[in-house]
Amino acid sequence: MSAQNQVVVGLQWGDEGKGKIVDLLARSAAIVARFQGGNNAGHTLVVEGKKTVLHLIPSGILHPGARCVIGNGVVIDPEVLCQELDALAAEGVDVTPTRLAISTNAHVILPYHRLLDSCRESARGSSKIGTTGRGIGPTYEDKAARRGLRVAEFLSADTRRARIEALLVDKNRQISEWFGQAPLSIDEVEAWAAPLAERLSAFAADTPGLLHAANAAGDRILFEGAQGTFLDLDHGTYPFVTSSTTLAGGACAGTGVGPRDLHNIIGVAKAYTTRVGAGPFPTGIGGEAEEYLRQLGGEFGATTGRPRRCGWFDAPLVKRAVLLNSVTHLALTKLDILSEHDELKLCVAYEDDAVPGSHQPQVPVYETLPGWKQDIRGARSWDALPQACRDYITRIEELVGAPVALVSVGPGRNEVISRDPIFEGLAG
Ligand code: IMP
């Protein structure tokens, strides 16, 4: 009999505060597994006042009892992974192969992927996607085209050199002929790769086998999503999306665990909406009011430092996300950021019932609710929240069709209000 496994996914455009929710749930998990994306993600955790930003290693690493897995669906930049291991070690977090396993089937981000990502973005001119420039898209492209390099091949010195040398022919043609940049030599790529491969080899594992064994032993697995529902390659605001499946269903393909072993799906939504990078953003506020919210919420990208666009809560969007992910529990984050507003707008529908995330123009229909104008960071129970704040949350629940199981009222681990047994006793 397996434990109740949990999946955490973002319901908007990323940056919903998933890191904190994963950090809470990791307390009762044996394994925390990432299943997609790469170091385009940035999870900011605040533990005992200390801020840690993780891009690749699952947020569960800060809990000594949890083993972390980077699943086959993730794309791994070995240099970034090693830097993250160093940064954690400097903070006294022990990351040995008993704490971290990386899938032998995960694809590796190589220097030409990063270079091509930035060259292509510049070449797009005014139709830029606003990628993070980390080589994510080009690496997933190579994976789909069956010319990628997987961790197992990266770790074997002979295979690596031969494969990269062959791949460089085509890549260098693009780099120099299309984009006018200096071609890469096999020796320089090898000089970069060899020490990284040596260091990472101890972490490589048959991660599906490891997860199946955990399931059989009744150990809980927590699947950590990155980015958000509307950055999903299929269901997001294409082409302004990332290159992986960000939905809860992606946890299966991205780790090798079957769908019957996903139990609770925790969807994380910010109490308002943000988006970094280009693409549609129906509830954007604009002007000074947007800047005000951005400053209050500290809405600057954890990975790139770019200012995020800010807007009102978009209920049709989140309702669609609830369905796309089979959300069982909602976690609503950053409610405290709205405490200074006199009134709050809530997008309750789109004109002409436009489909959220689709090519149809989405013109929001707003309802205005009174603000609560009171600091809520100290609230630790539902009853301690002001009535106007509870009304705002209840209205969101009605509109999106899922229960709010956790309310986050501040950045710290304990600044939460639990409304469901799955979060009981985890804060603090
Ligand atoms: P890429 O994933 O770097 O290819 O970028 C594609 C789009 O996804 C861009 O709009 C990025 O800003 C956005 N994006 C990628 N990762 C994240 C994330 O973790 N949070 C928010 N936006 C992201």
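Here is a short chat about a predicted model, with a visitor asking and a guide answering.

Visitor: How many disulfides does a search of the whole structure find?
Guide: A disulfide is a covalent bond between the sulfur atoms of two cysteines. Here the cut-off is 2.5 Å between the sulfurs. Cysteine 252 has its nearest cysteine sulfur, that of cysteine 68, 19 Å away, and for cysteine 347 the closest one, in cysteine 310, is 16 Å off, too far for a bond. Searching the whole structure gives a disulfide count of zero.

Visitor: Is cysteine 347 buried or exposed?
Guide: Buried means under 20% relative accessible area. Cysteine 347 comes in at 0%, so this residue counts as buried.

Visitor: Which helix gives the most to the largest nonpolar core?
Guide: In soluble globular proteins, nonpolar side chains tend to be buried together. The largest nonpolar core here has 64 residues, and Phe313, Leu335 and Tyr392 touch the most other members. At least three of its residues come from each of domain 1 and domain 3. The top giver, with seven residues, is helix H12 (residues 387–400).

Visitor: Which tryptophan does tyrosine 392 touch, not counting residues up to four places away in sequence?
Guide: Leave out those sequence neighbours, and tyrosine 392 still touches several leucines, including Leu335, Leu338 and Leu344. Ala271 and Phe313 are also among its partners. The tryptophan on that list is Trp372.

Visitor: Where does leucine 262 lie, and which cysteine is it in contact with, leaving aside neighbours within four places in sequence?
Guide: Leucine 262 lies in the loop between helix H9 (250–253) and strand E11 (264–270). Even so, leucine 262 counts as buried, at 15% relative accessibility. Its contacts beyond those neighbours include Val7, Phe223 and Ala248. The cysteine it is in contact with is Cys252.

Visitor: What kind of aromatic pair do tryptophan 178 and phenylalanine 179 form?
Guide: Check out the rings: their centres are 6.3 Å apart, with 70° between the planes. Planes over 60 degrees apart get their own label, so the angle settles the matter. Tryptophan 178 is exposed at 60%, while phenylalanine 179 is partly exposed at 22%. The pair is edge-to-face.

Visitor: How far is the charged end of arginine 419 from the centre of the ring of tryptophan 382?
Guide: Lysine 345 has its charged end over the ring of tyrosine 366, 4.5 Å from the centre. Arginine 419 likewise has its charged end sitting over a ring, that of tryptophan 382. For arginine 419, the distance to the ring centre is 3.7 Å.

How values were computed:
Residues are numbered from 1 along each chain as its sequence is written. This is a predicted model: local features need pLDDT of at least 70, side-chain atom pairs count only at pLDDT 80 or more; totals for chains, interfaces and linings use all residues. Side-chain values use heavy atoms; hydrogens and water are left out. Buried means under 20% relative accessible area, exposed over 50%, partly exposed in between (1.4 Å probe, protein chains only). A nonpolar core is a set of buried Ala, Val, Leu, Ile, Met, Phe, Trp, Tyr and Cys residues joined through side-chain atoms within 4.5 Å. Helices (H or I, at least four residues) and strands (E, at least two) are DSSP runs, numbered from the N terminus. Domain bounds come from an automatic or database domain assignment. Contact means heavy atoms within 4.5 Å. Rings of Phe, Tyr and Trp (its six-membered ring) pair if their centres lie within 6.5 Å; planes under 30 degrees apart count as stacked, over 60 as edge-to-face and the rest as tilted. A charge sits over a ring if NZ of Lys or CZ of Arg is within 6 Å of the ring centre and within 35 degrees of the ring normal.
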